[in-house]
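Let us walk through this model together, strand by strand. Keep the sequence and the 3D view side by side as you read.

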Amino acid sequence: TAVNNGCTSTDAVIVNVNPKPIVNAGNSSSICYGSTTNLYATGGEIYKWDNGVTTSKQVVKPLVTTTYNLTTTNSFGCSASDYTYVIVNPLPKANAGSSQQLCIGNTTTILGTGGVNYKWSNGITTASQRVSPITNVTYNLTVTDAKGCSANDYTYITINQLPKANAGSSQYIYNGNSATITGTGGVSYKWSNGITTASQIVKPI
């Protein structure tokens, strides 16, 4: 209402209150180190993430736990903000054990550590197993921890062939005489009479 020289007049103005966008940066999530995840926001027409992305959806691969802040603007020019975060879980420390050497025909134990679930390349799903390979072989291991993150390791078994033991030809001697017997095929020797050299002189009765 305005008054001038005793005269009054009235006018009105309308102020429209435009709504803010109902922004949603999406649920927080967790990933394993080295993995990716999708961020998907809703509630606006113009989007701006604090990492510079200007689309509602983006693929991220953080190396550490990271918060992503988002500002959206609607058609009225009103803005609102939200955030989401991605937890980065470390990978388990998979260990398939040290490589081994094994004589053919023998058995050994291989033991994996570092997780709660295990899967060997030969299908075994326990941490430990007994193996009797007949050729050189690699055993690959995947371990998974309680958070579902996996890592790999391997162990290698070298198979050594048995030596060709040879105690020599049978001999005939006269009673009271001695004979030399010589073993071949190895680098160390042990006879049934306790002698530990390749060759010995014997005088059986």
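Leu102 has Ile159 as its bridge partner in β14. Just before it, Gln101 is matched with Thr158 of β14. Both pairs belong to the contact between β9 and strand β14 (residues 150-160), which pair in the parallel sense over four bridges. Strands here are DSSP runs of E with at least two residues, helices are runs of H or I with at least four, and both are numbered from the N terminus. Two strands are said to pair if DSSP finds at least two bridges between them. As general background, strands of a sheet pair through backbone hydrogen bonds, either parallel or antiparallel.

A word on the ground rules: this is a predicted model, in which local features need pLDDT of at least 70 and side-chain atom pairs count only at pLDDT 80 or more, while totals for chains, interfaces and linings use all residues. Residues are numbered from 1 along each chain as its sequence is written, and side-chain values use heavy atoms, with hydrogens and water left out.

Now step back to the sheet around β14. It is an open sheet of four strands in the order β9-β14-β13-β11, with mixed pairing. β9 (100-103) and β11 (117-120) stand at the edges with a single partner strand each, so one side of each has no neighbour in the sheet. On average, neighbouring strands of this sheet are turned by 30° against each other, direction ignored; the axes behind this value are lines fitted to C-alpha atoms, for helices over the stretch in contact, and angles run from 0 to 180 degrees between N-to-C directions.

Follow the order inward and you reach β13 and β14, which pair in the antiparallel sense over eight bridges. Along this pairing, Asn140 has Tyr154 of β14 as its bridge partner, and Val143 stands opposite Ala151 in β14. The two strands form a hairpin with five residues between them, and Gly148 in the turn has a positive phi of about 85°. On to β11: this strand and strand β13 (residues 137-144) pair in the antiparallel sense over four bridges, with Trp120 opposite Leu141 in β13.

There is another open sheet of four strands to visit, with the order β3-β8-β7-β5 and mixed pairing. Here β3 (29-32) and β5 (46-49) are at the edges, and because each has a single partner strand, one side of each is left without a neighbour in the sheet. Neighbouring strands of this sheet are turned by 25° against each other on average, direction ignored. Four bridges join β5 to strand β7 (residues 66-73) in an antiparallel arrangement, and Trp49 has Leu70 of β7 as its bridge partner.

Within β3 you will find Cys32. Is Cys32 buried or exposed? At 16% relative accessibility, Cys32 counts as buried, where buried means under 20% relative accessible area, exposed over 50%, and partly exposed in between (1.4 Å probe, protein chains only). Cys32 and Lys147 are 115 residues apart in sequence, yet 8.2 Å apart in space, C-alpha to C-alpha.

Two further strands make a pair of their own to look at: strand β4 (residues 37-40) and β6 run antiparallel and are joined by four bridges. Asn38 has Val59 in β6 as its bridge partner. Strand β6 (residues 57-60) has a covered face with Gln58 and Val60, and an uncovered one with Lys57 and Val59.

Next, turn to Gln129, in strand β12 (residues 128-131). Gln129 is buried, with a relative accessible area of 8%. Its side chain is joined to that of Asn122 by a polar contact of 2.8 Å; such a contact is a pair of N or O atoms within 3.5 Å, where within protein one must be able to donate a hydrogen and the other to accept it, and residues adjacent in sequence count only if both atoms are side-chain atoms.
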